[in-house]
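Welcome, and take a moment to look over the sequence and the 3D view before reading on. The notes below will walk you through them step by step.

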Amino acid sequence: KRTETVMIPTKNRKTACVSSQVGCPVGCTFCASGLEGLEGNLDVGQIVEQLICLDSTEISNVVFMGMGEPLANYNNTMQSVAIMNHGQGMNIGARHLTISTVGLVPQIRKLIKEPYQINLAVSLHAPDDESRSRTMPVNKRYPIARLIQACRDYVEATNRRIFFEYVLLDHENDTPEHARKLVELLRGLMCHVNLIPVNPTENGPYERPSDRRSSVFREILHGAGIPNTVRQEKGIDINAGCGQLRARALDEAVEEEVG
């Protein structure tokens, strides 16, 4: 089995985007990682090994935003966090570690009790149940009201802001009405919204919105006092952007063997 890891170099930092599973069980319709479903959890050593392969001495930040749902592999994810954070491990500050989740409510509540001051990123991608359920099947199990309440409880208990990931899908979740609903949903919550124009995936059903549509969406959030940024595009040319990760090397090996 294979998984993928990404190094994101910028001027002031080197961020490792690590995977927690082979494949993904949650099946978001705009993401390539779950095309074949879940093939297995990575163990603690396999998660940490990804940093070693990237040269852990140069890594300043780690995001659990690669293949898989980190909180569905909860124990191994948290043990790997402990190793990355430990002074005799990789000595990466907890505030430089970010765990992303599609919104597994029980695990978010469990995370509240953890001793590490890590960052939590929640993949939201829609402001209402109807829109979110179309693209994220997990919403049928943990609807938005339950998810946002868990997020509010997390912020109240930890006094740490939450990052919301919002992939912009042309004419699907990027209208001014969606933006206004998002404002109402997040009003009063200590958070930051990362807007991500969808990246192309093989046979993907969604198109990237125009710069104008993205700008209007962002302006509505900004005008309501919701902090937000548009994520800078990196690695799209090598299929390493958000939502593009998939073990293509294995696919190519299989094709060669069949051929």
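What follows is a short tour of the sheet, two packed helices and a few single residues.

This is a predicted model, in which local features need pLDDT of at least 70, side-chain atom pairs count only at pLDDT 80 or more, and totals for chains, interfaces and linings use all residues. Residues are numbered from 1 along each chain as its sequence is written, and side-chain values use heavy atoms, with hydrogens and water left out.

**The sheet**

Let us start with an open sheet of 8 strands, whose order is S1-S2-S5-S6-S7-S8-S9-S10 and whose pairing is mixed. At its edges are strand S1 (6-9) and strand S10 (228-230), each of which pairs on one side only. On average, neighbouring strands of this sheet are turned by 20° against each other, direction ignored. Strands (E, at least two residues) and helices (H or I, at least four) are DSSP runs numbered from the N terminus, and two strands pair if DSSP finds at least two bridges between them.

Here are three of the strand pairs, each with one pair of partner residues.

| Strands | Bridges and direction | Partners |
|---|---|---|
| S6 (residues 97-101) and S7 (residues 119-123) | 4 bridges, parallel | Thr101 and Val122 |
| S7 and S8 | 4 bridges, parallel | Val122 and Phe164 |
| S8 and S9 (residues 191-197) | 7 bridges, parallel | Glu165 and Asn194 |

How many residues of S8 are buried? The count is 7 of its 7 residues, so the strand is mostly covered, where buried means under 20% relative accessible area, exposed over 50% and partly exposed in between (1.4 Å probe, protein chains only). In a regular strand the side chains alternate between the two faces of the sheet. On one side of S8 you will find Ile162, Phe164, Tyr166 and Leu168, and on the other Phe163, Glu165 and Val167, all of them buried.

**Two helices**

Now turn to helix H1 (residues 44-53) and H2, which pack with their axes 8 Å apart at an angle of about 45°. That angle makes H1 oblique to H2, because angles under 35 degrees count as roughly parallel, over 145 as roughly antiparallel, 65 to 115 as roughly perpendicular and the rest as oblique. Axes here are lines fitted to C-alpha atoms, for helices over the stretch in contact, and angles run from 0 to 180 degrees between N-to-C directions.

Which residues meet in this pair? Val44, Ile47, Val48 and Leu51 in H1 meet Asn76, Thr77, Gln79, Ser80, Ile83 and Met84 in H2, with contact meaning heavy atoms within 4.5 Å.

**Some single residues**

Two asparagines are worth a visit for their backbone. Asn91, in the loop between H2 and S6, has a positive phi near 55° although the residue is not a glycine. Asn159 sits in the loop between helix H5 (144-158) and strand S8 (162-168), and its phi is also positive, at about 60°. Most residues other than glycine have a negative phi. Asn91 counts as exposed because its relative accessibility is 54%, and Asn159 is exposed with a relative accessible area of 63%.

Last comes Glu219, which lies in helix H7 (residues 211-223). Is Glu219 buried, exposed or partly exposed? Its relative accessibility is 45%, so Glu219 counts as partly exposed. Glu219 and Ala179 are 40 residues apart in sequence, and their C-alpha atoms are 9.1 Å apart in space.
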